[in-house]
Amino acid sequence: MGQHAKQYSDMGAKAILAIDISEKMLDYAKKHNCADNIVYQRMAMEDISAIGERFDIVTSSLAFDYIEDFGALMQNTYLLMEDDAKLVFSMSHPMVTAWDGSCDRYTRTDSGVRLYANVVNYCVEGLRKVNWVVDGYEYYHRTLATLINAMIKAGFIIEECQESHISDDMRKRYPDLFGGTIHRPEFIFFRCGKR
Ligand SMILES: C[S@@+](CC[C@H](N)C(=O)[O-])C[C@H]1O[C@@H](n2cnc3c(N)ncnc32)[C@H](O)[C@@H]1O
């Protein structure tokens, strides 16, 4: 909600274009993370090819879960980037987006301790509609190979991939929130350059 835009601003970026499809999110960002060099604009990421500019960095935090055509997004993103630009993004880990609501996320002991994560229908890609936080929450699941191959096909060189990890200390302090992270990472991160 604008934190990253503000961080890039604070680090000395000349100009930042920050897009989101939600007016509410943009209002929050404008209120809490504004700066002279940030322009917040309502736009769907499906429409980024209409942006007539090129960028040194394209970054996204946890938004690519909601794009139906990840391959097209990668291709359109590639075209927005200067030759030595970087694409840095995070998304929910494919082991997490595989979850389709047909079973609990974890198998637990009678006392509720998470024994292991339930990965179901990993090989079935596409729209997931689940009851989580709100009823009918929607996102798209793709396998790791689909994600990687979309980046490669668009022309990207994957320079680094990381998976989120939580310290044992944090798991002990917040077992409800982070207890499951011992079994699988929640998020995946990529840094890509242009070929
Ligand atoms: C989990 S939030 C992440 C928000 C923010 N990037 C952050 O890290 O705090 C996902 C965001 O993706 C936005 N979003 C969903 N579908 C989108 C689309 N098709 N185009 C642009 N933004 C979209 C939502 O409005 C929401 O703000």
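In this predicted model, the chain is built from seven helices and 10 strands. Its radius of gyration is 18 Å, which is close to the 16 Å that the globule rule gives for 195 residues, so the chain is as compact as a globular protein of that length. Taken along the principal axes, the C-alpha atoms fill a box of roughly 55 × 35 × 30 Å. Buried residues account for 15% of the 195 residues, and, among the contacts in the chain with a separation of 6 or more, 62% join residues that are 24 or more positions apart.

The interior can be described through its nonpolar cores. The largest nonpolar core has 13 residues, and within this core F70, M74, M151 and F156 touch the most other members. Four elements each give two or more residues to this core, and they are listed in the table below.

| Element | Residue range |
|---|---|
| α3 | 70–79 |
| β4 | 81–92 |
| α5 | 144–154 |
| β10 | 187–194 |

F156 deserves a separate look, since its contacts can be listed by name. When residues up to four places away in sequence are not counted, F156 touches M74, Y78, L87, M151, C192, G193, K194 and R195. A second core, separate from the largest one, consists of five residues, including A5, A18, A29 and Y40.

The helix α5 shows how buried and exposed residues can be arranged on one element. The buried residues of α5 are L147, M151 and A154. They cover an arc of only 70° around the axis, which means that they lie on the same side of α5. On the face of α5 that is turned away from this buried side, the exposed residues A145 and K153 are found. The cover over the buried residues of α5 includes α3, α4 (94–97), β9 (156–163) and β10. After α5 comes G155, and the phi of G155 is positive, near 115°.

The model also holds a ligand, with 13 residues around it, of which I21, S22, S61, A63 and Y66 come nearest. Sorted by character, the residues of the shell around the ligand comprise nine nonpolar, two polar and two charged residues.

Taken together, M151 appears in two parts of this description: M151 is one of the residues that touch the most other members of the largest nonpolar core, and M151 is also one of the buried residues of α5.

Conventions. Residues are numbered from 1 along each chain as its sequence is written. This is a predicted model: local features need pLDDT of at least 70, side-chain atom pairs count only at pLDDT 80 or more; totals for chains, interfaces and linings use all residues. A residue is near a molecule or strand if its C-beta atom, placed from the backbone, lies within 6 Å of it. Ala, Val, Leu, Ile, Met, Phe, Trp, Tyr, Cys and Pro count as nonpolar, Asp, Glu, Lys and Arg as charged, and the others, Gly among them, as polar. A nonpolar core is a set of buried Ala, Val, Leu, Ile, Met, Phe, Trp, Tyr and Cys residues joined through C-beta atoms within 7 Å. A residue is buried if 20 or more other C-beta atoms lie within 10 Å of its own, exposed if 12 or fewer, and partly exposed in between; C-beta atoms are placed from the backbone. Two residues are in contact if their C-beta atoms, placed from the backbone, lie within 7 Å. The radius of gyration is taken over C-alpha atoms; the globule rule is 2.2 Å times the number of residues to the power 0.38. The arc is that of the directions from the helix axis to the C-beta atoms.
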